[in-house]
Every structure is written in structure tokens, then in C-alpha cells.
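Here's a quick briefing on the fold you're about to look at. Have the model open and follow along.

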Amino acid sequence: MSNINYIKVYKYDDEKREIDVEKEGNNFKFKMPDFDVEVVAIYKQLDTMYSIGKTIYGEGTLKVDSERKKIGDIATVSDIEASEGYTFAKIEVIKEGTSEAVPMTTIIEGSVYEFVMPKTNVQVKTYFKEMKSIKLTDDGKAKGGTYKVRVGDDGEWEESAMSLADETIYVDVTKNENYN
């Protein structure tokens, strides 16, 4: 009975006249009148905690500020870091037992996210993609010239690089004198 806040006792008729009730510890008492009564228990809502699980695809780490939250609490996912040879791809929060996503707010792209805890357990799913090596023969110094690579339109020109599958790779070739 410890989750009962109070009870109300009414005359059992259309008038709903309330009868005085006293609380003693976890118990309630009233004097029975000479008419039928209706007893209504008013329960306090428990602060139900729901779990936040983590599932990582690929190789990397992240932190969740708590493993359990109440409905409506703000949960923060942070310190998302890809292991060497991997890059952060995406993150999603899914209601347990469904494929329904929980809306998230991006605080820092690829690093910090927040969501409002729903009335269910959730899984934070984080995806890391493996990077693929781009290796240049002779460390960028080929007989007759040099070359460098650039990953994507905004990348830096380098002698070696890492890339995701399906990314555009640019190769810059400069020929030495006396070569065609």
C-alpha cells in the first residue's frame, strides 16, 4: 500500500458526499456511517525508469550519460569516437522491440546528441564504417613523375589516404621533364 497517496470515501449515491479519512502510517481509517460507502484509492505515479542500451556496428566508442532515465528526461550521447581505420557514419535511437526511431537533437555533429526519453526502453545504435587504404606506388614518387591523391571534393592532396567505399578519389599526376 505504500504507493497509495490517499483514499477518499463517499456516500454511495448520486450526492457523492465525502467522508472524513485519517492516515496512520501506510494505513487509512474512517468511521463507517450508517449508509453504504464507496472507497476510492488515489495512487501516486511511480517514477518508472527505462533503460538505454548501446549497440555499436563497426569499431568505435561512445558514452551515454545514464543507463536509465525517466519519461521526459533528456538523455545525452557524447564522446563518439571511431577506432583507427574507421569513421563515424550515423547514430539512431530506436524504441525497444520496434523499428521506430526516437527524434534526436544534434548538439555537435558526429559527437554529441540528445533525445527525450520515451515511455519505453531504447537502443542507441551507432554505426562506424571501415576506411579503405589508397596506396601509391613508391610513396608518390613514380619513375618519370609524382602523384598525390585527394579524397572527395574538399580533401587535402596527400601521398596516401583513407577512404570509404563509394567515395570519389582524385589523383594528381605531375610528369617530370623528358617524359610524355
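One open sheet here has four strands in the order 8-6-13-10, with mixed pairing; strands are DSSP runs (E, at least two residues) numbered from the N terminus, and two of them pair if DSSP finds at least two bridges between them. Keep in mind that this is a predicted model: local features need pLDDT of at least 70, side-chain atom pairs count only at pLDDT 80 or more, and totals for chains, interfaces and linings use all residues. Residues are numbered from 1 along each chain as its sequence is written, and side-chain values use heavy atoms, with hydrogens and water left out.

**The mixed sheet**
- Strand 8 (68-70) and strand 10 sit at the edges, each pairing on one side only.
- From one strand to the next, the twist averages 25°, with axes taken as lines fitted to C-alpha atoms and angles running from 0 to 180 degrees between N-to-C directions.
- Nine bridges link strand 10 and strand 13 in the antiparallel sense.
- Look for Lys90, which stands opposite Tyr127 in strand 13.

**The antiparallel sheet**
- Another open sheet of four strands runs 7-9-12-11, with antiparallel pairing.
- Its edges are strand 7 and strand 11 (104-108), and each pairs on one side only.
- The twist here averages 25° from one strand to the next.
- Strand 9 and strand 12 run antiparallel and are joined by four bridges.
- Thr76 stands opposite Glu114 in strand 12.

**The core**
- The largest nonpolar core (buried Ala, Val, Leu, Ile, Met, Phe, Trp, Tyr and Cys residues joined through side-chain atoms within 4.5 Å) has 17 residues.
- Ile52, Val77, Ile80, Phe115, Val122 and Val124 have the most contacts inside that core.
- Two or more core residues come from each of strand 6 (49-57), strand 7 (60-64), strand 9 (74-82), strand 10 (86-95), strand 12 (112-116) and strand 13 (122-130).
- Leaving aside residues up to four places away in sequence, Val124 touches several residues, including Ile52, Leu62, Val77, Ile91 and Phe115; contact means heavy atoms within 4.5 Å.

**The whole chain**
- The protein chain has zero helices and 18 strands; a helix would be a DSSP run of H or I with at least four residues.
- Of its 180 residues, 27% count as buried, that is, under 20% relative accessible area with a 1.4 Å probe, protein chains only.
- Among contacts between residues at least 6 apart in sequence, 54% join residues at least 24 apart.
- The accessible surface (Shrake-Rupley method, 1.4 Å probe) comes to about 12700 Å², of which 44% belongs to carbon and sulfur atoms.

Definitions and conventions. Buried means under 20% relative accessible area, exposed over 50%, partly exposed in between (1.4 Å probe, protein chains only).
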